[in-house]
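User: Could you walk me through this structure with a few questions and answers?

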Amino acid sequence: MPAQYFIGLMSGTSLDGIDASLIECSTPHEPIILCQHLQQPYPPAVQQALRQINADTPLATILRWHNTLPRHYADAVEALLSRAEISRTRIAAIGCHGQTVWHDAQANPPVSAQLGNPSHLAELTGIDVVADFRQRDLAAGGQAAPLAPLFHRVLFKAPHPRAVLNLGGIANITLLGANGDATAGFDCGPANTLLDAWCRESAGMAFDDQGRWAASGKVDPALLQQLLSDPFFAKKPPRSTGPEHFNLNWLNPQLPQTISAADVQATLAELTARSIAKALRQSGAQVDDVIVTGGGTNNHDLIERIAAAVAPCAVKHSDTLGVPAEAVESAGFAWLAYAALAGIRHNLSTITGAPYPIPLGGIYPR
């Protein structure tokens, strides 16, 4: 089968912007080739507006953003095509995850809402779009998250067992057996979502650059244990979560009155590291290394805490394996677009809990 080109677009719960990747792939069993990638930050006004969306947001506002975000996605596609020096006519499809604004797999019925109207994106780009990746899994009884384990297996399979850790707004982990077999995956808990929110509220910073602020503080052991007592951390997989649960409304009532803001940041970073280590222990998996991806890889303090928490297991940056950390998820959704067009059904029983193989993604022709 001749090689095909696909574009993947990912904008995560950190709400920092859009990651776009161009991949080349030919068969489900062959490694994909990452041809180009870029990051396009959201304008500050867009970031602020998206962070304010919650269960009380008027429907008209939500729908307006559903139809506005495709313009930003289309700009990212245009910039990627220009950087890669490739014609849009050579792109088989765009895999667009959309912007998650609400995820509650425990609701009745369960919901997972991603903004970014794929019909509008197809019109703006003139390229077929694959989107709505989470909805079929929800309908089949799955958690709809995480989906990253499906493409972690493609990107990071090795002769030995390993874990792949994605540090986005939420930390999720993939467990791979030798040669990528026996894939499992689940959400560990909060990562950038709490760290960034506390930075904005208490330090007026968009994020903790390289984790320097957290490194200047001290972990409060009592607060850490209080936070780790949340029932989510004891729940057995499949499990998923999001900023709907782990947010400042969850955090602030638990804070002691005398604690410094820097000590809270240090404790939140330690919470992420300890919850990841706890998730590994709970899984019972024996892995040789942990490959770290996502925006949190730029937080040096957080990576050091994770390395200490999971020792003696080695922690490696995905860049050392030739896959830039910021490109992993967008490249993955490009691969999921390929899988959708190829009619592939995915076995998510050990990831989301969906009981039988299902297709992921709706196809929106140009």
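The turns below cover cysteines, a pocket and some backbone features of this predicted model.

User: Happy to start with the cysteines. How many disulfides does a search of the whole structure find?

Analyst: A disulfide needs two cysteine sulfur atoms within 2.5 Å of each other. For Cys-96, the nearest cysteine sulfur belongs to Cys-25 and is 17 Å away. Over the whole structure, the number of disulfides found is zero.

User: Which cysteine has the sulfur closest to that of Cys-188?

Analyst: Cys-188 is buried, because its relative accessibility is 0% and the cut-off for buried is under 20%. Its sulfur has no bonding partner, because the closest cysteine sulfur is 13 Å away, too far for a bond. That closest sulfur sits in Cys-313.

User: Is Cys-96 buried or exposed?

Analyst: Buried residues have a relative accessible area under 20%. Cys-96 comes out at 3%, so this cysteine is buried.

User: Nice, on to the second largest pocket. Which element gives the largest share of its lining?

Analyst: The second largest pocket has a volume of about 710 Å³ and is lined by 23 residues, with Arg-51, Ile-53, Arg-200, Pro-243 and Asn-247 nearest its centre. Elements giving two or more residues to this lining are α1, β4, α6 and α9. The largest share, five residues, comes from α6.

User: How many residues in the lining of the second largest pocket are charged?

Analyst: The lining of this pocket divides by residue class, with nine nonpolar and ten polar residues. The charged residues number four.

User: Where is the proline that follows Ala-311 in a cis peptide bond?

Analyst: The bond from Ala-311 to Pro-312 is cis, with omega near 10°. Another cis bond joins Pro-237 and Pro-238, with omega about 5°, and Pro-238 is in the loop between α8 and α9. As for Pro-312, its place is the loop between α11 and β11.

User: Is Leu-15, with its positive phi, buried or exposed?

Analyst: Most residues other than glycine have a negative phi. Leu-15 has a phi of about 60° and is placed in the loop between β1 and β2. Its relative accessible area is 9%, so Leu-15 is buried.

User: And what is the relative accessible area of Asp-132?

Analyst: Asp-132 also has a positive phi, near 55°, and lies in the loop between β6 and α4. Partly exposed covers the range between the buried limit of 20% and the exposed limit of 50%. Asp-132 is partly exposed, because its relative accessible area is 34%.

Notes. Residues numbered from 1 in each chain as written. Predicted model: local features only at pLDDT ≥ 70, side-chain atom pairs only at ≥ 80, totals over all residues. Heavy atoms only, no water. Buried < 20%, exposed > 50% of the residue type's maximum accessible area, 1.4 Å probe, protein only. 1 Å grid on protein atoms, 1.4 Å probe; cavity = no way out; pocket = protein on both sides within 12 Å on 5 of 7 lines; lining within 4 Å. Points joined across faces, edges and corners; volume = space filled by probe spheres on them. Helix = DSSP H or I, 4+ residues; strand = E, 2+ residues; numbered from the N terminus. Nonpolar A, V, L, I, M, F, W, Y, C, P; charged D, E, K, R; others polar.
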